[in-house]
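Here is a short briefing on one protein model. Please keep the sequence and the 3D view at hand while reading.

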Amino acid sequence: MTDDTLLSARGLNLRFGAIPALVDVAVDLWPGEVLAIVGESGSGKTTLLNVLSGRLRPDDGVVWYRDPSGRLHDVHAMPAPKLRALHRSDWGFVQQDPRSALRMGVSAGGNVGERLMAQGLRHYGSIREQAIDWLRQVEIDAARVDDMPRTFSGGMLQRLQIARTLVTHPRLVFMDEPTGGLDVSVQARLLDLIRSLVARLNIAAVLVTHDLAVARLLAHRIVVMQRGVVVEAGLTDQVLDDPQHAYTQLLVSSVLQA
């Protein structure tokens, strides 16, 4: 792990019974970088995301995180309250289904404001002002600040989840298929939004996607997984334009033939 690496994993192994989910996986992430993890269903990409974010413990291996002071932390050795606090502050998580991350019985502004309150903010006017500002940033009409999420479309729900996640300016965001299940036109708009926000805020991100077009648009580097093994890794354009591994070649050719 170099002095400027934000997140680093080495020797990650995990089995679900007889099934190898991760096999000696190693990845690095630098500040402001977007790393895409791609592969078919069952390749281990979401498992890797959950291990990197501390949501799932590996059988072997270590994940290191460098905090703003430069101190290294073993993610899986952190006490649960400290890890939860990290997820509310320096880290964020964008789920594929925003309904699993949002509180559907709380207003849009309340959903965004809750993350600020978790960091200790108590001034109602300031919280509401920041919530409205973030609704605007994710292209939600500020007049809907008091509306319930159940009245929102799927694309709006995902944008609300992004506002809730980014309002505390995390250094690192984990994204699990953030455009999955959305119409193509809605996907395109959401991808443009994510790309602009990540670049403007200089956020590092680990992105899981089965869509190589999403990886090409958002990611600086890419990791290709097959049956728990990283079979290829490198700069996104380099890997997708000149894939070396047979499995990566198959993934790329299947997109070209679609």
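Which residues does Ile 162 touch, not counting residues up to four places away in sequence? They are Val 94, Val 138, Leu 190, Ile 194 and Leu 197. The model is predicted. Its protein has nine helices and ten strands. The radius of gyration is 18 Å, close to the 18 Å that the globule rule gives for 258 residues, so the protein is as compact as a globular protein of that length.

**Overall build**

- Along the principal axes, the C-alpha atoms fill a box of roughly 55 × 45 × 35 Å.
- Of the 258 residues, 52% are buried.
- Contacts between residues at least 6 apart in sequence were sorted by separation, and 66% of them join residues at least 24 apart.
- The exposed area is about 12,000 Å². Carbon and sulfur atoms supply 52% of that area.
- Charged side chains number 27 positive and 28 negative. The centres of the two sets lie 7 Å apart.

**Nonpolar cores**

- In soluble globular proteins, nonpolar side chains tend to be buried together.
- The largest nonpolar core here has 49 residues.
- Ile 162 is one of the residues with the most contacts inside that core. The others named with it are Val 112, Trp 134, Val 138, Leu 160 and Met 175.
- Val 138 is thus in that list, and Val 138 is also touched by Ile 162.
- A second, separate core has 30 residues. Among them are Leu 6, Ala 9, Val 27 and Leu 86.

**Helix α1 and what follows**

- Helix α1 spans residues 45-52 and is mostly covered. Seven of its eight residues are buried.
- The buried residues of α1 include Lys 45, Thr 47 and Asn 50. Leu 48, Leu 49, Val 51 and Leu 52 are buried as well.
- Ser 53 lies in the loop between α1 and β4. Its relative accessibility is 0%, under the 20% cut-off, so Ser 53 counts as buried.
- Leaving aside neighbours within four places in sequence, Ser 53 is in contact with Val 75, Leu 83, His 87, Trp 91, Phe 93 and Phe 174.
- Ser 53 and Val 231 are 178 residues apart along the chain, and their C-alpha atoms are separated by 21 Å.
- Gly 54 follows α1 and has a positive phi, near 80°.

**The loop between β4 and β5**

- Gly 70 sits in the loop between β4 (60-66) and β5 (72-74).
- Its relative accessible area is 35%, so Gly 70 is partly exposed.
- Asp 3 is 67 residues from Gly 70 in sequence. In space, C-alpha to C-alpha, the two are 8.3 Å apart.

**Either end of α6**

- Asp 183 lies in the loop between β7 (172-176) and α6 (184-201). With 56% relative accessibility, Asp 183 counts as exposed.
- The C-alpha atoms of Asp 183 and Val 63 are separated by 35 Å, and the two are 120 residues apart along the chain.
- Asn 202 and Ile 203 both lie in the loop between α6 and β8.
- Which of these is buried, and which exposed? Asn 202 is exposed, at 53% relative accessibility, whereas Ile 203 is buried, at 1%.
- Ile 203 is in contact with Gly 32, Glu 33, Leu 166, Pro 170, Arg 171, Val 173, Leu 197 and Val 198, leaving aside neighbours within four places in sequence.
- One of those partners is Leu 166. The C-alpha atoms of Ile 203 and Leu 166 are separated by 9.3 Å, with their positions 37 residues apart along the chain.
- Leu 197 is in contact with Ile 203, and Leu 197 is also touched by Ile 162.

**Positive phi outside glycine**

- Most residues other than glycine have a negative phi.
- Asn 202 is not a glycine, yet its phi is positive, about 55°.
- Arg 227 is not a glycine either, and its phi is positive at about 50°.
- Arg 227 lies in the loop between β9 (221-226) and β10 (229-235). Its relative accessible area is 59%, over the 50% cut-off, so Arg 227 is exposed.

How values were computed: Residues are numbered from 1 along each chain as its sequence is written. This is a predicted model: local features need pLDDT of at least 70, side-chain atom pairs count only at pLDDT 80 or more; totals for chains, interfaces and linings use all residues. Side-chain values use heavy atoms; hydrogens and water are left out. Helices (H or I, at least four residues) and strands (E, at least two) are DSSP runs, numbered from the N terminus. The radius of gyration is taken over C-alpha atoms; the globule rule is 2.2 Å times the number of residues to the power 0.38. Buried means under 20% relative accessible area, exposed over 50%, partly exposed in between (1.4 Å probe, protein chains only). Contact means heavy atoms within 4.5 Å. Accessible areas come from the Shrake-Rupley method with a 1.4 Å probe; for residues, only the protein chains shown count as cover. Lys and Arg count as positive and Asp and Glu as negative; His and the chain ends are not counted. The place of a charge is taken as NZ of Lys, CZ of Arg, CG of Asp or CD of Glu. A nonpolar core is a set of buried Ala, Val, Leu, Ile, Met, Phe, Trp, Tyr and Cys residues joined through side-chain atoms within 4.5 Å.
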